[in-house]
Amino acid sequence: MPIVFIVASVVLQAGVFGFVSGRVDATASLALSCAGFGAAAVVFNSVLAVRRRRRGAAGVAGPPRATGLLVLMNVVTAVTFLGFYASLSWVPSALATGIETAIGPAALALLALAGHGQRASRKGWVAAAVLVLLGLGIGWSFTGGRGGEDGGAGGGLAVSAGTVLGLALVVVAGVGAAVLALISAELGRRGIDPVYVTAHRFHLTYLCGGALLLATGGLDRRWVLGPPVLLLLGVLAVTIPLFLLQTGLQRADPMVAMVLLTTLPGATYLAETVFHGGFDATSLTLICCLIAVASWYASLSREQRGARGVRGRGRAATPESTRT
């Protein structure tokens, strides 16, 4: 079931991003996210308020020692999302998205070596490496052929100080996403309701995002059709899918979640093709390969968890059998 929530989040995000692709710039994309983050805080705090009235405050309070994790999650969420959107000023969005999602599994594997999370198996390392290569290839294939709009003359990505800074921010965002998966898994182990987490994890993000939006001069009014449209798209692109993702992250293995999230750029490309036309055989081939590797690793991890569960039950049963 957790995988269903993550896949639903990917599909919804990809559909909305594919629909708005080409209609928004980096500033408008940041505004959409701020609207979605703010809406998440309002909606889910309202849900908590209704629960309090029905059950009493004790029925919805988070378990002890959750405050520190939620504060950390606020900080990491803000760094991850705002770092990514800031990178779009120097790096094409397709390449940035491909790199951010592709390095997630590798970042988790490296964090596990430092004692954070479960260590990846040999096949896990292979899958992470292949996903990094495929993600980079997909991002680069998206970037190529777009001319000066995305990467300079001839579709290439000009190497400059700004490009290096943008890529560094993308890497930070990718590592941040991996850390968020670990924090979410720990919150799940502590039994904290995803509604409670979603209500409290975005405060720093929408406040800093709003400040960044004002600092960059605000929105281009030629694109903004009005607050209702902005809010609707923000809810569909951020509020709902991130709640689904949070629910899945708290119940799924972090590595499986990161692997599934690597399919987001490809799914977005497919949605973009549906809404706007256009087709590239190389990109589609790489997307299919990435989805195949992600699906293989997800099924492999599920089998490994099942085998560990069987071994655990067997060990628990052994002392009982020796006494009879």
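Start by selecting Thr-247: with a relative accessible area of 4%, this residue is buried. As you look at it, keep in mind that the model is a predicted one. Thr-247 sits in helix 9, which covers residues 227-249. Show its side chain and look back along the helix to Phe-243, whose backbone oxygen is 2.9 Å from a polar side-chain atom of Thr-247. Now hide the neighbours within four places in sequence; what remains in contact with Thr-247 is Phe-5 and Pro-194.

**Across to helix 1**

Follow that contact to Phe-5, a residue of helix 1 (residues 2-20). Setting aside residues up to four places away in sequence, Phe-5 touches Leu-244, Thr-247, Gly-248 and Arg-251. Draw a C-alpha to C-alpha distance from Phe-5 to Gly-248: you should get 5.2 Å, for two residues 243 apart in sequence.

**Zoom out for a moment**

Switch to a cartoon of the whole chain. You will find 12 helices and zero strands. Of its 324 residues, 47% count as buried. The pairing of Phe-5 with Gly-248 has plenty of company: among contacts between residues at least 6 apart in sequence, 87% join residues at least 24 apart. If you turn on the surface, the accessible area is about 15,500 Å², and carbon and sulfur atoms account for 67% of it.

**Helix 10 and its cap**

Next, select residues 254-261, which form helix 10; eight of its eight residues are buried. They are Pro-254, Met-255, Val-256, Ala-257, Met-258, Val-259, Leu-260 and Leu-261. What caps the N-terminal end of this helix? Add Asp-253 to the selection: one of its side-chain oxygens lies 3.0 Å from the backbone nitrogen of Met-255, and this residue is the cap.

**The loop after helix 10**

Step on to Thr-263, in the loop between helix 10 and helix 11 (264-276). Is Thr-263 buried or exposed? Its relative accessible area is 13%, so it counts as buried, the cut-off being under 20%. A polar atom of the Thr-263 side chain lies 2.6 Å from the backbone oxygen of Leu-260. Beyond four places in sequence, Thr-263 touches Val-10, Leu-290, Ile-291 and Ala-294.

**Into helix 12**

From that list, pick Leu-290, which belongs to helix 12 (residues 281-323). Leu-290 is buried, with a relative accessible area of 3%. Show its contacts, leaving aside neighbours within four places in sequence, and you will see Leu-131, Leu-134, Gly-135, Ile-138, Thr-262 and Thr-263. For another distance to draw, take Leu-290 and Ala-102: their C-alpha atoms are 9.6 Å apart, with their positions 188 residues apart in sequence.

**Last stop: helix 2 against helix 8**

Finally, colour helix 2 (residues 26-55) and helix 8 (residues 203-215). Their axes are 9 Å apart, and the two pack at an angle of about 150°. Helix 2 passes helix 8 in a left-handed crossing. To see the contact itself, show Thr-27, Leu-30, Ala-31, Cys-34, Phe-37, Gly-38, Ala-41 and Asn-45 on the helix 2 side. On helix 8, add His-203, Thr-205, Tyr-206, Gly-209, Gly-210, Leu-212 and Leu-213. Colour these by class and you will count eight nonpolar, seven polar and no charged residues.

Note on methods:
Residues are numbered from 1 along each chain as its sequence is written. This is a predicted model: local features need pLDDT of at least 70, side-chain atom pairs count only at pLDDT 80 or more; totals for chains, interfaces and linings use all residues. Side-chain values use heavy atoms; hydrogens and water are left out. Helices (H or I, at least four residues) and strands (E, at least two) are DSSP runs, numbered from the N terminus. Buried means under 20% relative accessible area, exposed over 50%, partly exposed in between (1.4 Å probe, protein chains only). Contact means heavy atoms within 4.5 Å. Accessible areas come from the Shrake-Rupley method with a 1.4 Å probe; for residues, only the protein chains shown count as cover. A polar contact is a pair of N or O atoms within 3.5 Å; within protein, one must be able to donate a hydrogen and the other to accept it, and residues adjacent in sequence count only if both atoms are side-chain atoms. Axes are lines fitted to C-alpha atoms, for helices over the stretch in contact, and angles run from 0 to 180 degrees between N-to-C directions. A crossing is left-handed if the near helix is turned anticlockwise from the far one by less than a right angle, and right-handed if clockwise. Ala, Val, Leu, Ile, Met, Phe, Trp, Tyr, Cys and Pro count as nonpolar, Asp, Glu, Lys and Arg as charged, and the others, Gly among them, as polar.
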